[in-house]
Amino acid sequence: MAPSQAAYAPSLEKLLKSLKSKSLEASIEDLIFLLKRRQVSGDECANATAHMLLQVVARSKWHDVDQLLSRIQSTGSRLAQAAPHEPVIGNIVRRVLGLIRDEASEDRNADEFMSESVSDLQSLPPSAPSHTRPTGATPVRPALVPTATSLAVSKSMFNLLSAAETADSPMTGASTPISQAQPTSAHALRSEVIDGIEEIMDEISQADDQIAGFADIQVHPGDFILAMLPSPAVERFLLKAAAKRRFTALLASNGSYISAVGEAPYAALRKKLNAAGVNTVNLASNGLLAYMPRANKVIFGAKAVYQSGGLLVDSACCIAARAAQEYSKPVIVLSGVYKFCPFDPSEEVSKVDLGNPMTYVSYGDGPAVDALEVENAVAEYLPPELVDVYLTNLGPQTRDHLGSIISDHYKPEDMGLSLLINEA
Amino acid sequence: YSIVRAYHELLASDPEITMPVAAIESLIELLRATPASTAMETVEVVKKEKARLLDSAPNPLPLLAGADLFEQYLLRSLRGQTAAAADPVLGFDETRQHLLHNKLLFAQRAKAARDNIATWGSRYVLDGRVVMAAGGSRAVTKILLRAAADTTKHFKVIYVMDGSPRCESSVAALRAAGLDVEIVGPHKVAYMLKDNSQINLVLVGTEVVLQNGGIISRMGTYQLASLTKLVKGSLKRFYVAAETHKIVRKTALAHPQVLRVGVKQKDISKFANLGRDIDGEAARDMVPDQEEVDYTDPEFIDGIITEQGVKMTTQIWEMVDDYI
């Protein structure tokens with residue numbers, strides 16, 4: 001790009017700096033632009049989405065909870081649809097929606113507590129936390145978000161016989177709005193939600209460090225760790241482990257790693273690891289299977305984790321996982337909880353994200369390879385059977401527990417968002 | 001009041017009803033027929049009649065699913081608990097009134113559940129692919145009809161005619177909606193699945209869902225599920241469409257699983273009745289041949305499509321775990 005243009009080139013940093021000065025709609029448009037052009041990708045999307053939603057809460061005009069929810073939903077959907085290959089965006093949108101519902105019901109509960117008699121508190125159901133929301137303690141009618149396209153989903157088995165107006169059906173316009181019960185103070189809610197979103201942003205930024213905190217337990221002395229396409233999260237993990245353990249890191253990559261001319265891939269990481277006393281071995285993609293019998297465990301990061309335990313990963317991690325299975329080596333996946341998607345992908349093949357084939361065949365060689373179609377898969381779907389441990393910022397998890405983590409972090413009312421934004 | 005007769009009348013009169021809901025409705029009618037008395041007495045009557053109803057059925061599991069749901073709802077109101085997080089707290093009398101007055105509402109909700117299942121399930125039906133369905137399940141038919149209504153999706157169906165009385169009508173309904181449906185017998189399933197990259201989805205319904213995420217359904221389902229997993233070729237996923245009211249609090253632990261969870265079915269593995277047909281008393285108690293069921297392990301099931309969304313088999317346990 002010409003130097004004079006570079007100064008005007010949009011980037012996430014510039015966008016974040018200019019948030020205060022631009023109008024809200026213009027900022028949203030800028031972010032959509034960046035997402036579509038893939039100038040913001042991977043883990044950065046989560047942070048960017050959180051920033052943008054915070055702006056929506058802070059700066060747009062809304063008077064009650066339902067308005068806010070529908071604003072967030074519409075902005076969130078636009079962002080998610082701008083980058084369908086990044087499921088993290090939808091996750092953050094759902095987290096914010098859930099946060100708003102929580103804050104709104106806390107306000108309502110606080111007011112109810114003041115005015116209702118003590119006997120109503122006896123109605124606290126002692127059933128398992130996964131069934132009840134804290135809001136269910138009071139006899140107030142439940143909320144169903146009145147957006148026509150959201151799927152109101154409740155988790156109780158007894159919906160069939162329930163005396164409450166549980167409209168499970170998606171497209172009903174007539175449902176009880178949250179704000180009907182109690183006029184909530186928009187101002188107080190605004191500041192609480194903003195605090196909550198800032199907490200989410202903290203969680204995102206600290207996730208990698210928290211995951212690295214488990215490094216010394218997962219890495220044993222003398223281990224040979226095969227790290228496939230080490231992402232920043234994996235790098236931090238290895239470095240934290242290097243501080244406490246003597247091990248050997250096998251750094252594997254595929255041909256797509258773009259490095260300075262003459263330098264081996266991951267040179268910076270190798271230097272740091274060597275400085276900490278850890279031997280490193282660089283594996284080219286075709287060296288993977290040869291070294292697999294030697295490795296003790298395989299580690300890589302994920303872009304997203306689905307409800308079924310399947311993953312969206314950088315391409316080549318699939319090969320590593322499959323090779324690991326062949327040699328019975330454990331596969332550990334590093335992923336913050338914010339990457340957990342509360343839905344089951346409808347198709348694996350659509351997850352294959354194709355990228356620039358120039359890393360393999362230069363456009364200059366075009367005529368020579370005219371008969372070939374060169375596809376560069378950048379991201380792929382990894383089936384759940386190939387993963388052993390999901391190492392999250394909340395600790396190591398197994399596939400069976402993903403359901404409870406997902407239900408802890410997302411509200412059932414927002415699960416239907418997948419249908420709205422047409423996530424596969 | 002004969003609860004067994006009421007149950008069978010309900011099943012016969014309404015083609016859309018499921019067995020658990022018919023059990024619930026027959027229990028509601030029992031409430032109506034029982035003179036109002038103390039809460040404990042009512043619960044005792046319900047327990048007794050529930051046992052009678054379950055005894056009358058060679059395969060009591062679907063009835064157990066509905067009857068347990070009903071009984072738990074009553075017991076919770078007795079304890080002053082709410083059954084669902086959203087519920088207002090009703091006293092026992094109010095609960096009884098609520099159940100008696102809203103019988104139609106419950107039936108409607110049960111049928112609406114199939115619509116929700118159709119919304120969630122149709123996501124898995126993809127453009128340009130083939131779906132394999134079996135068993136005559138009404139929920140599965142609804143899923144396919146909903147997907148057919150989406151003009152951006154063009155797909156075909158292979159229907160396995162496994163002897164269910166509803167297979168014919170399901171195929172007819174799908175063809176009437178403009179879908180290309182081929183029918184095959186169960187022996188042709190492996191042949192059709194092998195190396196077929198067009199088939200991406202195998203859909204079945206079920207009579208009950210067990211607490212561990214496995215299902216007890218029409219004989220042949222387990223065969224279909226295992227073949228889906230084992231046959232080489234492209235990835236195919238096996239999904240079960242079931243409303244949450246079909247979840248029953250039982251787990252199949254060891255062989256013979258179907259018999260251990262309470263289904264009275266012939267066990268030919270013992271070779272005890274060679275050449276002779278069981279008749280008379282014994283035959284009446286057993287599940288007839290054409291309604292035999294088998295057990296499918298949760299590891300063969302990729303997801304259970306309920307009206308509350310798609311549940312993984314590991315998520316079923318906690319849904320019924322806090323029954324009193």
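In this predicted model, chain A contains 15 helices and 11 strands. Of its 424 residues, 53% count as buried. The accessible surface of chain A comes to about 18,600 Å², and carbon and sulfur atoms make up 54% of that area. It is also worth asking how contacts are spread along the sequence. Among the contacts in chain A with a separation of 6 or more, 77% join residues that are 24 or more positions apart.

The next step is to look at how chain A is divided. The domain assignment gives domain 1, made of 5-104 + 187-207, and domain 2, which covers 213-411. Domain 1 of chain A is thus written as two stretches of sequence. Taken over C-alpha atoms, the centres of domain 1 and domain 2 of chain A are separated by 28 Å. Where the two domains of chain A meet, 17 residues of domain 1 are in contact with 16 residues of domain 2. Between them, the two domains of chain A bury about 1,500 Å², with 57% of this area on carbon and sulfur atoms.

A helpful landmark in chain A is an open sheet of seven strands, which follow the order β3-β2-β1-β4-β7-β10-β11 with mixed pairing. At its edges are β3 (279-283) and β11 (395-397) of chain A, each of which pairs on one side only. From one strand to the next, the twist averages 25°. Within this sheet, strand β1 (residues 224-228) and strand β4 (residues 297-301) of chain A pair in the parallel sense, over three bridges. A good place to find this pairing is A:L226, which stands opposite A:V298 in β4(A). In a regular strand, side chains alternate between the two faces of the sheet.

Helix α10 (residues 267-275) of chain A lies across β2 (248-252) and β3 of chain A. This helix runs at about 155° to β3(A). Strand β2 of chain A also holds A:T248. Is A:T248 buried or exposed? With a relative accessibility of 12%, A:T248 falls under the 20% cut-off, so A:T248 counts as buried. Leaving out residues up to four places away in sequence, A:T248 touches A:D223, A:F224, A:I225, A:V278, A:N279 and A:V281.

Another set of pairings in chain A centres on strand β9 (residues 376-382). Five of the seven residues of β9 in chain A are buried, so this strand is largely enclosed by the rest of the structure. Strand β6 (residues 311-314) of chain A pairs with β9(A) in the antiparallel sense over four bridges. As one example, the bridge partner of A:D314 in β9(A) is A:A379. Strand β8 (residues 353-355) of chain A also pairs with β9(A) in the antiparallel sense, over three bridges. There, A:G355 has A:N376 in β9(A) as its bridge partner.

A final stop is helix α7 (residues 186-212) of chain A, in which A:E203 lies. Why does A:E203 count as buried? The relative accessibility of A:E203 is 18%, and buried means under 20%, so A:E203 counts as buried. Which residues does A:E203 contact, leaving aside neighbours within four places in sequence? They are A:R95, A:Y338 and A:N393.

Definitions and conventions: Residues numbered from 1 in each chain as written. Chains lettered and ligands numbered in written order. Predicted model: local features only at pLDDT ≥ 70, side-chain atom pairs only at ≥ 80, totals over all residues. Heavy atoms only, no water. Pairing = 2+ DSSP bridges. Helix = DSSP H or I, 4+ residues; strand = E, 2+ residues; numbered from the N terminus. Axes fitted to C-alpha atoms, helices over the stretch in contact; angles between N-to-C directions. Contact = heavy atoms within 4.5 Å. Buried < 20%, exposed > 50% of the residue type's maximum accessible area, 1.4 Å probe, protein only. Areas by Shrake-Rupley, 256 points an atom, 1.4 Å probe, with all protein chains shown as cover. Domains from an automatic or database assignment. Buried area = accessible area lost by both parts, 1.4 Å probe.
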